[in-house]
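Colleague: I would like to learn how to read contacts between side chains in a model. Could we go through some of them together?

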2 protein chains.
Amino acid sequence: MKPDNGNDTITALSTPEGKGAIGVIRMSGPDAIRITCKLLPSLDLSIAKSHTLHFGTVKDGMEIVDEAVVGLFRSPSSFTGEDVVEISCHGSHFIISKVMSLLIKYGARTARPGEFTLRAFLNGKYDLTQAEAISDLIAAETEAAHQIAVKQMRGGFSGDLKNIRQKLIEYASLLELELDFGEEDVQFANRKELKEQLQDIISDINRLTDSFRLGNVMKRGVSAVIAGRPNAGKSTLLNALLNEQKAIVSDIPGTTRDAIESTLVIEGIAFRLTDTAGIRDTTDYLEKLGVEMTMQTIEQAHIVIYLWDAAEITTEEAERDIEKIGKNGNVKIIRVANKMDLKPIMGDTGDAIPVSAKKGEGIGKLKEQLKKMVLDLNYKEESTVVTNARHYEALVNANDFLKKGLEGLESNHSGELVSSDIRSALYYIGLITGEVTTDDLLANIFGRFCIGK
Amino acid sequence: MKPDNGNDTITALSTPEGKGAIGVIRMSGPDAIRITCKLLPSLDLSIAKSHTLHFGTVKDGMEIVDEAVVGLFRSPSSFTGEDVVEISCHGSHFIISKVMSLLIKYGARTARPGEFTLRAFLNGKYDLTQAEAISDLIAAETEAAHQIAVKQMRGGFSGDLKNIRQKLIEYASLLELELDFGEEDVQFANRKELKEQLQDIISDINRLTDSFRLGNVMKRGVSAVIAGRPNAGKSTLLNALLNEQKAIVSDIPGTTRDAIESTLVIEGIAFRLTDTAGIRDTTDYLEKLGVEMTMQTIEQAHIVIYLWDAAEITTEEAERDIEKIGKNGNVKIIRVANKMDLKPIMGDTGDAIPVSAKKGEGIGKLKEQLKKMVLDLNYKEESTVVTNARHYEALVNANDFLKKGLEGLESNHSGELVSSDIRSALYYIGLITGEVTTDDLLANIFGRFCIGK
């Protein structure tokens, strides 16, 4: 997708497909108003004010297609910044296809995914992070993902970056000013202060990149794998977790896999629970090929709920299993001793959470523990959280250059070199908000949007 | 459903469920504007004009839920005649649920299916036939069904009925006026003229009731059954009919059955094609229980395409089968001689359409014939077509009373009796447009609507 110059008029159905009372067709561009007047010949919108609604009859020649309400937004007071018209017609597939084909006949073209938002960006209505947040907002399925997207759409993240950017531009400019007086060996930028300030910015960016782990969790949910030997009661535990009240249970299609995962929402955070095949009960089970898939799932998980049958195996045996799991990546492990209702159990269960999955006992404690592990990621309501891998990557790159600049200052490199590092960092920060863009970048970002947005 | 007094404020999602760029939540009632201002505290709509659009922030306490555009329609210039607000928010399930729950918290209640249109009717915005047409319009899947619904929504049918109604009221009044002068034996209504006029109205209503067969066809499509002995090539013919270009092929869930029917659209008319089990090739096959289901399907069909293998059975044999089918109801039969590409064939195929389903030969002719059978129903673009069983029934009842009145005139019955018959006819006509209503009738009509309309 090449961002075009906005000289043409685009249109798309902005409401979901399917039968409904109404469907809304959006149109944006210089010809939006003229085309609307052809569609509804009874309307003369040429002198109509922005932000007004008009009732009219959609006609195709002599034939009446529908009665519709037209919402008019004049440039620049619209979502895209261009003239925008929203046509609410009756929500039948037949009518919507007909209206769309008439709009195209009169000179509009079908909008590509995200093209309305792309135009909003190109016209300076939103920066890139805000535009991306709109897509996140539509996709948000939990309170946490929703809140983070709203904050980003309203410019929270952009504000943080703007501050950093302004400071860096100032430092680079000061250093570059020295070059003009190169012969005279002046230093406008106090090196000690500059070091401290760069150090502060590096810390700020570190805080942002650190938040990415949490951001990912809030946006995509926490992947929690229930692992353990066969017959440990894993599926029973899964059911017990999902059936407990106050938790929303839903099946959402996985984004990276075709499998359907069970989702448990605890206080706005989605936990994607995966029940795994039992890890086989042999001394050298980890070597066996058949367990590899379970181990891979564990490696990709945030949390492993390791469950054992406390009436069958000892805590020591369980710990040996856990140790092997722990070797794979930096997953967090929650120990759960199951079947505590059976007597006798195999000795002390240590700091494991005692449960009876069958009787639903101890499940509340397990949920508390799940929640706590997310809160441990240090989420503070007011602070910015990075949720987007593209932003994360650019921040890491920016910080690498800032660290290089800081090293340069410490080694008394020339202001020219340090300024060049700062400019490189600025380039990466500019990529995030869209001060710097490429066609590929825009195509990549807006191509993921839904049509009509 | 009891039609309420409209004192409360109702709300519903008016766009289809699912993810989309936007979702539109509609609210109607005396509190619609007040509730909207609670939802978007940044907006003050108290003095905003009707037919205006407002951008604002949806908040739940301190928490920002979304940015939304609010369309305002003030009573009486709205769809329902009440104050109406349409809130366009981002189309995520999460946001829409949240906004709906806030609206309910602030005093709205969830609208029942069709309740917005019910209010439009109760407030005199539409008569009943127009309100019913809105539901038909949303359901329309073909050009013919769509055109007929548009015409009805815009009052075409209502206009016809209004004319009839006015004339009948005039006649009844004249007859009733005579009663006041009972002693004097005056006749304000010329009996000869009155007979002629009643006869004209009876003809008009007959024309309307006659159109119901066509109306049904245009609205619901023509049910066409492909019947014949096993191996006559029925499924091949079905495929040949469906694959031919220029015809839209679609699978629509049947309304009266769970089965999925294949639909073929020829010039705006939907043909619901059903492939049946082969009628067994025995002399007394009609008696066999196993064929009963096929025969039932045939009985309910408008058209039977009777297909035989011209290389295997003679036209006389085929005619014997057809005779038995023809006994069942007044279905129209199209004779098709298949496998005409094979030689030799069993003699003259009479007036059957010769085809080779396998080679796709003769299929065009069969389609022409299908189309012709619909056109034979005498559809004229400008004339009103009755599509609704409720209207049909009321028209038949009205005409029964008018015929009784006419008979009374011919038998020189008293003006009082004739007038009473005319009043009864008026009652039934009033039921159609809604001058006469009952709670049950309204519940029955609007309960079939989708939510949000």
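Colleague: What do the side chains of B:E143 and A:K98 form where they meet?

Modeller: The general idea comes before the case. Side chains of opposite charge can pair when their charged atoms come close. In this model, which is predicted, B:E143 and A:K98 meet in a salt bridge, with 3.4 Å from N to O.

Colleague: How many salt bridges does the rule find across the interface of chain A and chain B?

Modeller: Six salt bridges are found across that interface. The rule also finds 22 residue pairs in polar contact there, with both residues at pLDDT 80 or more. On the chain A side, at least two residues each come from β2 (20-28), β3 (52-60), β4 (63-73), β5 (84-91), α2 (93-105), α4 (128-139) and α5 (143-153). Of these elements, β4(A) gives the most to the side that touches chain B, with nine residues. By class, that side of chain A has 22 nonpolar, 15 polar and eleven charged residues.

Colleague: How many residues does the contact take from each chain, and what area do the chains bury?

Modeller: The contact takes 48 residues from chain A and 48 residues from chain B. Between them the two chains bury about 4000 Å², and 61% of this is on carbon and sulfur atoms.

Colleague: How many salt bridges are there over all chains?

Modeller: A search of the whole structure gives 50. One of the salt bridges joins A:D8 and A:R119, whose closest N and O atoms are 2.6 Å apart. A:D8 lies in the segment before β1 (10-13) of chain A, and A:R119 lies in helix α3 (residues 115-122) of chain A, so the pair ties together parts that are 111 residues apart in sequence.

Colleague: Are A:D8 and A:R119 buried or exposed?

Modeller: Take them one at a time. A:D8 is partly exposed, at 24% relative accessible area. A:R119 has a relative accessible area of 3% and is buried.

Colleague: Which pair in chain B could I look at next?

Modeller: Try B:E178 and B:R191, a salt bridge with its closest N and O atoms 2.9 Å apart. This pair links distant parts of the chain: B:E178 is in helix α6 (residues 156-180) of chain B and B:R191 is in helix α7 (residues 191-220) of chain B, 13 residues apart. B:E178 counts as buried at 8% relative accessibility. B:R191 counts as buried at 15%. Salt bridges can also share partners, and in chain A such sharing joins A:D8, A:E82, A:R109, A:R112, A:E115 and A:R119 into one network.

Colleague: What about B:D31 and B:R34?

Modeller: Their side chains meet in a salt bridge, with 3.5 Å from N to O. B:D31 is partly exposed at 31% relative accessibility, and B:R34 is partly exposed at 40%.

Colleague: How many disulfides does the structure hold?

Modeller: It holds zero over all chains. To read this, take a cysteine and find the closest cysteine sulfur; a disulfide needs the two sulfur atoms within 2.5 Å. For B:C37 the closest cysteine sulfur is in B:C89, 16 Å away, which is too far for a bond. For B:C450 the closest is in A:C89, at 13 Å, and that is also too far for a bond. B:C450 is partly exposed, with 30% relative accessibility.

Colleague: Where is B:S356 found, and what is it in contact with?

Modeller: B:S356 is in the loop between β13 (353-354) and α11 (363-375) of chain B. At 1% relative accessibility, B:S356 counts as buried. Leaving aside neighbours within four places in sequence, B:S356 is in contact with B:N338, B:K339, B:D341 and B:E361. With the side chain of B:D341, the side chain of B:S356 makes a polar contact at 3.2 Å.

Colleague: Is helix α5 of chain B mostly covered or mostly open?

Modeller: The general idea is about the turn. An α-helix has 3.6 residues a turn, so residues three or four places apart point the same way. Helix α5 (residues 143-153) of chain B is mostly covered, with nine of its eleven residues buried. Among them are B:A144, B:I148 and B:Q152. Just after α5(B), B:G155 takes a positive phi of about 95°.

Notes: Residues are numbered from 1 along each chain as its sequence is written. Chains are lettered from A and ligands numbered from 1 in the order in which they are written. This is a predicted model: local features need pLDDT of at least 70, side-chain atom pairs count only at pLDDT 80 or more; totals for chains, interfaces and linings use all residues. Side-chain values use heavy atoms; hydrogens and water are left out. Contact means heavy atoms within 4.5 Å. Buried area is the accessible area (1.4 Å probe) that two parts lose on being put together, summed over both. A salt bridge is a side-chain nitrogen of Lys or Arg within 4 Å of a carboxyl oxygen of Asp or Glu. A polar contact is a pair of N or O atoms within 3.5 Å; within protein, one must be able to donate a hydrogen and the other to accept it, and residues adjacent in sequence count only if both atoms are side-chain atoms. Helices (H or I, at least four residues) and strands (E, at least two) are DSSP runs, numbered from the N terminus. Ala, Val, Leu, Ile, Met, Phe, Trp, Tyr, Cys and Pro count as nonpolar, Asp, Glu, Lys and Arg as charged, and the others, Gly among them, as polar. Buried means under 20% relative accessible area, exposed over 50%, partly exposed in between (1.4 Å probe, protein chains only).
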